[in-house]
Amino acid sequence: MVSFKPLSLFAATAFAAVEPISIHSPGSDLIIADLVNLDNSVKVFTATINNYTGGIPDATPILLAIGGVNAANRKAYYDSMAIANQSVADSLTIVNYVNDTLVKDIPAGVQTLEKKKQLFVDAGLTPVVVSNLELLKYDHESFSAVLASKAALETHPEVAYVVKVIDDSIKGGIADFSS
């Protein structure tokens with residue numbers, strides 16, 4: 001007679017060693033990780049602006065921080081080009097993450113920059129601020145366009161909303177520093 005105890009123990013061990021299946025596609029997991037990185041870099045950027053007290057030398061950390069935002073955005077852009085089209089569930093996960101983080105944090109960063117405008121004007125850094133905001137706008141628009149093309153059609157209104165909120169805040173910063 002064959003004992004099923006060793007067979008049951010083997011099966012239980014084999015199933016315990018298997019990683020749980022992700023409820024999202026690998027592409028959406030990659031994009032969420034990129035968005036977390038992007039949001040963290042935006043928060044660092046905002047913190048460096050908060051610490052700015054004026055002058056050209058003290059602006060260096062801000063330039064480094066905007067470089068971090070640019071690098072995170074470009075990584076997300078290239079990763080989004082490589083992923084498959086997303087399901088409705090994955091598209092909504094991405095949109096909801098952006099809505100909970102970047103839709104708040106990017107406008108907060110731009111507002112913080114605008115509050116320190118006079119310090120940048122006094123240091124003669126207005127053209128540098130404008131060019132960096134224009135770079136941020138370009139990064140945002142190019143990444144958003146590719147990611148929107150991968151989102152499920154049913155989520156395009158939600159995608160358009162989060163893109164517009166972020167785009168409007170960046171455009172507002174450009175307009176403020178251009179006047």
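What volume does the largest cavity have? In this predicted model, the answer comes out at about 240 Å³. The space is one of three cavities of 30 Å³ or more in the structure, and the second largest has a volume of about 130 Å³.

First, the setting. The fold is helices and no strands: eight helices, strung along the sequence as α-α-α-α-α-α-α-α. Of the 179 residues in the chain, 43% are buried. Contacts reach well along the sequence, too: among those between residues at least 6 apart, 87% join residues at least 24 apart. On the outside, the chain exposes about 9,800 Å², with carbon and sulfur atoms supplying 66% of that area.

Back to the largest cavity. Its lining runs to 21 residues, and Val98, Phe143, Ser144, Leu147 and Val163 sit nearest the centre. At least two lining residues come from each of α2 (26-51), α4 (88-100), α5 (102-115), α7 (126-150) and α8 (156-178), with α7 giving the largest share, six residues. By class, the lining splits into 15 nonpolar residues, five polar and one charged.

As for the second largest cavity, the residues around it include Phe45, Ala59, Ile62, Leu63, Ile66, Leu113 and Phe120, along with Leu125, Val128, Val129, Asn132 and Leu133. Here α3 (60-82) and α7 each put in at least two residues, and α7 again gives the most, with four. Eleven of the lining residues are nonpolar and one is polar, while charged residues are absent.

Terms used: Residues numbered from 1 in each chain as written. Predicted model: local features only at pLDDT ≥ 70, side-chain atom pairs only at ≥ 80, totals over all residues. Heavy atoms only, no water. Buried < 20%, exposed > 50% of the residue type's maximum accessible area, 1.4 Å probe, protein only. Contact = heavy atoms within 4.5 Å. Areas by Shrake-Rupley, 256 points an atom, 1.4 Å probe, with all protein chains shown as cover. 1 Å grid on protein atoms, 1.4 Å probe; cavity = no way out; pocket = protein on both sides within 12 Å on 5 of 7 lines; lining within 4 Å. Points joined across faces, edges and corners; volume = space filled by probe spheres on them. Nonpolar A, V, L, I, M, F, W, Y, C, P; charged D, E, K, R; others polar.
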